[in-house]
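User: I should like to learn how to read individual features of a protein model. Please take them one at a time, with the general idea before the case.

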Amino acid sequence: TPCSSNPCENSGSCFNADSSYVCACPKGYSGKLCEVNPCDSFSCENGGTQTVSGSTCQCACRSGFSGSYCEVTPCSNQPCSLKGTCYISGDNFKCNCSDGYSGELCEVTPCSSSPCVNSGSCLNVNGSYFCVCSVGYSGKRCEVDPCNDFLCDNGGTRIVSGTTCQCTCRNGYSGSSCAVTQCTSNPCLHNGSCSMDSSNFSCICPTGYSGKRCE
């Protein structure tokens with residue numbers, strides 16, 4: 001009979017029909033000989049392997065991949081930072097970082113090392129950093145403080161106070177730069193010459209005059 005040669009594939013049942021045959025195919029199979037299986041029009045992505053499971057086709061995914069078609073990759077959840085591009089490497093991912101960025105996820109930025117000093121704010125700009133300095137400070141890293149070009153006279157000590165520089169004066173001296181001494185007011189009388197000795201003044205008196213102030 002026409003069915004004697006078992007023409008039906010994939011466990012299809014053969015029925016004689018006049019001088020020919022008809023194949024009754026299992027669910028999911030089709031074609032004259034039941035030769036079309038569920039995986040014939042099914043494709044797996046990323047190297048997944050098709051497997052017939054009952055009347056359907058499924059994908060056996062490589063390690064690191066998932067989804068009905070193995071379409072979910074290690075890069076699908078965008079693990080790299082905004083400055084990194086994710087690419088597949090074997091069963092895992094790697095990040096290709098933009099200039100100035102590094103780390104497994106490109107999470108290390110130009111500002112990660114805290115390059116700005118004196119409370120300056122760091123901005124990531126074009127693969128480098130830019131420091132926004134507090135008032136009174138300047139320089140690439142805000143390293144130049146308000147006292148940088150400020151001088152104190154007469155052994156005064158510079159101190160940063162807020163956004164300005166001030167002088168801490170030794171005893172006997174005063175003024176914004178410690179330039180005012182006890183001699184500034186000309187305490188010596190009768191054309192005596194005033195000089196500072198440590199924190200006190202002394203007068204060198206003209207002939208015929210004496211006293212602390214040549215009085």
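User: Is Lys212 buried or exposed, and at what relative accessibility?

Analyst: A note on the source comes before the reply: this is a predicted model. Relative accessible area is read against two cut-offs, with buried meaning under 20% and exposed over 50%. Lys212 has a relative accessibility of 54% and therefore counts as exposed. Along the chain, Lys212 is found in the segment after β12 (200–204).

User: With which residues is Lys212 in contact, leaving aside its neighbours within four places in sequence?

Analyst: Once those neighbours are set aside, Lys212 is in contact with Phe201 and Cys203. The Phe201 contact can be described further, since the charged end of Lys212 sits over the ring of Phe201, 4.3 Å from the ring centre.

User: Over the face of which residue does Lys140 lie?

Analyst: Lys140 lies over the face of Tyr129, and the distance to the ring centre is 4.4 Å. As for rings paired with rings, a pair of aromatic rings is described by the distance of the centres and the angle of the planes. The structure holds one aromatic pair.

User: How should one read the sign of phi, and what is phi of Cys70?

Analyst: Most residues other than glycine have a negative phi. Cys70 has a positive phi, near 60 degrees. Cys70 is placed in the loop between β4 (56–60) and β5 (84–89). With a relative accessible area of 0%, Cys70 is buried.

User: What is phi of Asn191, and is Asn191 buried or exposed?

Analyst: Asn191 also has a positive phi, near 65 degrees. Asn191 belongs to the loop between β10 (164–168) and β11 (193–197). Its relative accessibility is 75%, so Asn191 counts as exposed.

User: Where is Thr181 placed, and is Thr181 buried or exposed?

Analyst: Thr181 is in the loop between β10 and β11. The relative accessibility of Thr181 is 16%, so Thr181 counts as buried. Apart from neighbours within four places in sequence, Thr181 is in contact with Asn154, Gly172, Tyr173 and Met196.

User: In which sense do strands β1 and β2 pair, and over how many bridges?

Analyst: A pairing of strands is read from its sense and its bridges. Strand β1 (residues 13–17) and strand β2 (residues 20–24) are antiparallel, with five bridges between them. One of the bridge partners is Tyr21 in β2, which is matched with Asn16. The hairpin of β1 and β2 has two residues between the strands, and Asp18 in this hairpin takes a positive phi near 55 degrees.

User: Which residues does the UniProt annotation "domain: EGF-like" cover?

Analyst: An annotation is taken from a record and may be inferred rather than shown by experiment. According to the unreviewed UniProt entry, "domain: EGF-like" covers residues 1–35, 71–104, 107–143 and 179–215. The span 1–35 is 0% helix and 29% strand, with its end C-alpha atoms 21 Å apart. For residues 179–215, the values are 0% helix and 27% strand, and the end C-alpha atoms lie 26 Å apart.

User: Into which domains is the protein divided, and how far apart do their C-alpha centres lie?

Analyst: The division gives domain 1 (1–37) and domain 2 (109–145). A distance of 78 Å separates the C-alpha centres of domain 1 and domain 2. A distance can also be read between single residues: the C-alpha atoms of Lys212 and Ser89 are separated by 91 Å, and these residues are 123 residues apart along the chain.

Technical notes
Residues are numbered from 1 along each chain as its sequence is written. This is a predicted model: local features need pLDDT of at least 70, side-chain atom pairs count only at pLDDT 80 or more; totals for chains, interfaces and linings use all residues. Side-chain values use heavy atoms; hydrogens and water are left out. Rings of Phe, Tyr and Trp (its six-membered ring) pair if their centres lie within 6.5 Å; planes under 30 degrees apart count as stacked, over 60 as edge-to-face and the rest as tilted. A charge sits over a ring if NZ of Lys or CZ of Arg is within 6 Å of the ring centre and within 35 degrees of the ring normal. Two strands pair if DSSP finds at least two bridges between them. Helices (H or I, at least four residues) and strands (E, at least two) are DSSP runs, numbered from the N terminus. Domain bounds come from an automatic or database domain assignment. Buried means under 20% relative accessible area, exposed over 50%, partly exposed in between (1.4 Å probe, protein chains only). Contact means heavy atoms within 4.5 Å.
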